[in-house]
Amino acid sequence: MLGKIRKTFEDMDKVLLLLMLFLSIFGLFNIVSASSREAVVGMDRSVYFYFYRHLIILIGGFIAFFIITNVETKNYYKFVPILFIVVVALNIFVIVKGTFTRGASNWIPLGFFKLQPSEIAKPVIIAALALAIEKSWKRLRNPKLDHRPLIILICSIGLILPAIVFGQKDLGTALIQASIFGVIYLLSPIVPREKWKIAGGVIVIVVFALLAVYAATGKVLSEKQMERFNYFNPCSKYGGTGYQVCNAYIAINLGGLQGVGIGKSTQKYSYIPEAHTDMVFAIFAEEYGYLAGLGLLILYGIILYRILMLSSRASTIRGKYMCLGVATYIFAHIFINLGGMFGIIPLTGVPLPFLSYGGSFTLSLLASLGIVQRVHIETKRYKIKF
């Protein structure tokens with residue numbers, strides 16, 4: 001057993017592993033500072049309240065990571081279809097019975113831990129799409145066959161969950177799931193002419209579906225979601241929709257080049273709500289400064305580069321697309337989180353990888369990185385050409 005564990009670690013991508021460990025541990029300690037006001041004043045608990053909760057989540061995530069790195073991806077055919085059905089059912093369930101948080105119905109309370117099925121869905125979507133493309137690879141490349149049923153199946157796998165999550169009023173998560181599908185679909189082996197025909201058909205269906213929702217309810221997005229589109233010049237709307245983003249600007253500006261010091265943020269005290277979750281970068285930048293913020297972006301860039309490199313070297317079709325999907329997943333979270341905070345796009349409230357407090361997201365992120373490492377392990381051990 002110890003020999004197998006040692007062999008698994010030897011075959012992992014060491015750069016990616018070290019960055020994952022470093023950022024996870026750094027993020028854990030950063031949460032102590034970012035969540036201190038919320039823990040003491042908001043929850044009437046110890047300043048380490050969120051630290052201990054996130055530590056438990058990280059332990060669970062690392063256990064999941066290690067298990068996944070020891071499961072061969074060829075075995076995914078046995079259980080990923082079942083997982084996909086379960087995740088679809090859970091996401092439908094939360095629309096009916098889920099707990100509302102910040103206008104979205106996407107949580108299932110489980111004691112101190114709240115399960116968010118839409119987050120768990122992301123690695124499942126990635127794995128399911130990769131398996132579907134691998135299974136269809138030869139037929140999609142055969143010009144004599146009718147490819148439409150296969151393409152429609154792939155589109156269904158990639159779009160059913162974003163559609164359900166959109167119904168949960170969680171626009172940010174739905175966009176990330178749709179982005180994962182979009183990138184994998186565009187880089188799939190589907191003939192370009194067929195690819196764009198089906199894409200056009202999907203767009204028409206989506207437009208008609210949105211028109212039907214508008215005709216039935218008088219709106220497509222909730223009032224809270226519509227408010228977020230009013231994101232230009234947020235400090236001119238400080239008393240309303242611009243409050244959160246404007247205070248993030250203030251926090252980042254106060255940080256300067258070197259930051260005000262660890263634990264010395266002032267914006268986390270009532271100015272930025274729930275600073276340890278979606279707005280954690282603002283507190284990080286205030287305490288550590290611009291240079292540390294740039295360093296964090298560089299580390300994110302290295303992670304994405306390593307995953308894409310592993311995708312290009314993967315020895316199986318499924319491995320190639322799993323790595324591609326995970327890279328898209330992580331990039332989408334970074335772009336949507338920071339883009340909303342900097343006022344480039346509407347603020348939709350998605351976690352920032354490794355730094356944000358969050359149970360379901362952290363578990364999904366570490367599980368996804370476990371998939372990437374497993375692909376790398378198989379690439380080193382088995383040289384299969386396709």
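Trainee: What share of the 386 residues of the chain count as buried?
Mentor: Keep in mind that this model is predicted. A residue counts as buried under 20% relative accessible area. By that cut-off, the buried share of the chain is 52%.

Trainee: How many helices and strands make up the secondary structure?
Mentor: Take the two kinds of element in turn. The chain has 3 strands. Its helices come to 15.

Trainee: Of the contacts with a separation of 6 or more, what percentage joins residues 24 or more positions apart?
Mentor: Contact here means heavy atoms within 4.5 Å. Among contacts with a separation of 6 or more, residues 24 or more positions apart account for 72%.

Trainee: How much area does the chain expose, and what percentage do carbon and sulfur atoms supply?
Mentor: The exposed area is about 18,100 Å². The share supplied by carbon and sulfur atoms is 70%.

Trainee: Is helix α12 largely enclosed or largely open?
Mentor: Look at residues 280-288, which form α12. Among its buried residues are Val280, Ala282 and Glu286. In total, 8 of the 9 residues are buried, so the helix is largely enclosed by the rest of the structure.

Trainee: Which helices are included in what covers the buried residues of α12?
Mentor: The buried residues in question include Ile283, Ala285 and Glu287. Their cover includes α2, α11, α13 and α14.

Trainee: Which residue just after α12 takes a positive phi?
Mentor: Helix α12 covers residues 280-288. Just after it, phi is about 95° at glycine 289.

Trainee: How is the aromatic pair of phenylalanine 281 and phenylalanine 284 classed?
Mentor: Both residues lie in α12, 3 residues apart, about one turn of the helix. Both are buried. Their ring centres are 5.9 Å apart, with 40° between the planes. Planes under 30 degrees apart would count as stacked and over 60 as edge-to-face, so the rest are tilted. This pair is therefore tilted.

Trainee: Which residues do ring pairs link into a cluster with Phe281 and Phe284?
Mentor: The structure holds 17 aromatic pairs. Ring pairs link Phe281 and Phe284 into a cluster with Phe22, Phe26, Tyr288 and Phe342.

Trainee: Which helix gives the largest share of the largest nonpolar core?
Mentor: That core has 97 residues, and Ile307, Met322, Ile330 and Phe354 touch the most other members. The largest share is 14 residues, and it comes from α14.

Trainee: Which residues are included in the second, separate core?
Mentor: This core has 6 residues. They include Ala39, Ile57, Tyr357 and Ile31.

Trainee: Is isoleucine 31 buried or exposed?
Mentor: Isoleucine 31 lies in helix α2, residues 14-34. Beyond its neighbours within four places in sequence, its contacts include Tyr50, His54 and Leu355. Its relative accessible area is 0%, and under 20% counts as buried. Isoleucine 31 is therefore buried.

Trainee: What distance separates the C-alpha atoms of isoleucine 31 and histidine 276?
Mentor: The two residues are 245 residues apart along the chain. Their C-alpha atoms are separated by 5.9 Å.

Trainee: Which ring does the charged end of lysine 135 sit over?
Mentor: The cut-off for such a charge is within 6 Å of the ring centre. Here the distance to the centre is 5.3 Å, and the ring is that of tyrosine 77.

Trainee: How many disulfides are there?
Mentor: Cysteine 155 is buried at 7% relative accessible area. Cysteine 323 is buried at 0%. A disulfide needs two cysteine sulfur atoms within 2.5 Å. By this rule the count is 0.

Terms used:
Residues are numbered from 1 along each chain as its sequence is written. This is a predicted model: local features need pLDDT of at least 70, side-chain atom pairs count only at pLDDT 80 or more; totals for chains, interfaces and linings use all residues. Side-chain values use heavy atoms; hydrogens and water are left out. Helices (H or I, at least four residues) and strands (E, at least two) are DSSP runs, numbered from the N terminus. Buried means under 20% relative accessible area, exposed over 50%, partly exposed in between (1.4 Å probe, protein chains only). A nonpolar core is a set of buried Ala, Val, Leu, Ile, Met, Phe, Trp, Tyr and Cys residues joined through side-chain atoms within 4.5 Å. Rings of Phe, Tyr and Trp (its six-membered ring) pair if their centres lie within 6.5 Å; planes under 30 degrees apart count as stacked, over 60 as edge-to-face and the rest as tilted. A charge sits over a ring if NZ of Lys or CZ of Arg is within 6 Å of the ring centre and within 35 degrees of the ring normal. Accessible areas come from the Shrake-Rupley method with a 1.4 Å probe; for residues, only the protein chains shown count as cover.
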